[in-house]
Amino acid sequence: MDGNIDSASYETFQAEVEGLINNGARRILVDLSHAVFVSSAGLRALHVIFNRLRAPNKDIDDDQLRKGISGGTYKSPHLKLLKPSEQSRKTLETAGFDMYVEIHSGLQTAIASF
């Protein structure tokens, strides 16, 4: 992502990622190093992407997912985030995304996590 993910950009961001998914992508790494800010609209887009990636690849059922997230034992095998700014990281953590989406600081580590 080149720029913030907010009300002005989330639709374009989400549409581009959904295009990748429609063309067969099953794993997405979102580089947030150039997105200083992620708004609630950006969080919503990331959650939609998480659900879209999970739909054809249900690794566990919804009850197991909820238990895994609340128990700290589930991380998405399909969606990872890379290098969020300090502000974006705080937003993601406050919203609970770090409970089910891995956040990486290094590209090689992020790629290897798939």
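Which elements each supply at least two residues of the lining of the largest pocket? In this predicted model, the elements that do so are α1 and β1, and the report below begins with that pocket before it turns to the strand, to a helix and to a few single residues.

**The pocket and strand β1**

The largest pocket has a volume of about 190 Å³, and its lining is made up of M1, D2, S9, T12, F13, E16, V17, L20, I28, L29, V30 and D31. Five of the lining residues come from α1, which is the largest share.

Strand β1, which covers residues 28-31, shows a pattern of alternating side chains: I28 and V30 point to one face and are buried, while L29 and D31 point to the other face and are not buried. In general, the side chains of a regular strand alternate between the two faces of the sheet. The partner of β1 is strand β2, residues 79-82, and the two strands pair in the parallel sense over four bridges; within this pairing, L29 stands opposite K80 of β2.

**Helix α2 and its surroundings**

Helix α2 runs through residues 40-54, and its 15 residues reach 21 Å from the first C-alpha to the last, which is close to the 21 Å expected at 1.5 Å a residue. At the start of this helix, a side-chain oxygen of S39 comes to within 3.2 Å of the backbone nitrogen of A41. The buried residues of α2 are A41, G42, L43, A45, L46, I49, F50, L53 and R54, and what covers them includes α1, β1, α3, β2 and α4. As a general point, an α-helix has 3.6 residues a turn, so residues three or four places apart point the same way.

R54, which is found in α2, counts as buried because its relative accessibility of 5% is under the 20% limit for that class. The side chain of R54 makes a polar contact with the side chain of D62 at 2.9 Å. If neighbours within four places in sequence are left aside, R54 is in contact with D59, I60, D61, D62, L65, Y74 and H78.

**Residues outside α2**

H78 lies in the loop between α3 and β2. Not counting residues up to four places away in sequence, H78 touches R26, R27, I28, L53, R54, N57, D59 and F114, so that I28 of β1 and R54 of α2 are both among the residues that H78 touches.

I111 is found in helix α5, residues 107-112. Although I111 and I28 are 83 residues apart in sequence, they are 9.7 Å apart in space, taken from C-alpha to C-alpha.

K83 is found in the loop between β2 and α4, and K83 has a positive phi of about 50° although it is not a glycine. Most residues other than glycine have a negative phi.

The relative accessibility of the four single residues discussed here is set out in the table.

| Residue | Relative accessibility | Class |
|---|---|---|
| R54 | 5% | buried |
| H78 | 10% | buried |
| K83 | 39% | partly exposed |
| I111 | 45% | partly exposed |

K83 at 39% and I111 at 45% are placed in the partly exposed class because that class lies between the limits of 20% and 50%.

Methods
Residues are numbered from 1 along each chain as its sequence is written. This is a predicted model: local features need pLDDT of at least 70, side-chain atom pairs count only at pLDDT 80 or more; totals for chains, interfaces and linings use all residues. Side-chain values use heavy atoms; hydrogens and water are left out. Buried means under 20% relative accessible area, exposed over 50%, partly exposed in between (1.4 Å probe, protein chains only). Two strands pair if DSSP finds at least two bridges between them. The expected span of a helix is 1.5 Å times one less than its number of residues. Contact means heavy atoms within 4.5 Å. A polar contact is a pair of N or O atoms within 3.5 Å; within protein, one must be able to donate a hydrogen and the other to accept it, and residues adjacent in sequence count only if both atoms are side-chain atoms. On a 1 Å grid over the protein atoms alone, a cavity is a set of points where a 1.4 Å probe fits but cannot get out, and a pocket is an open set with protein on both sides within 12 Å along at least five of seven lines; lining residues have an atom within 4 Å of a point. Grid points are joined across faces, edges and corners, and a volume is the space filled by probe spheres set on the points.
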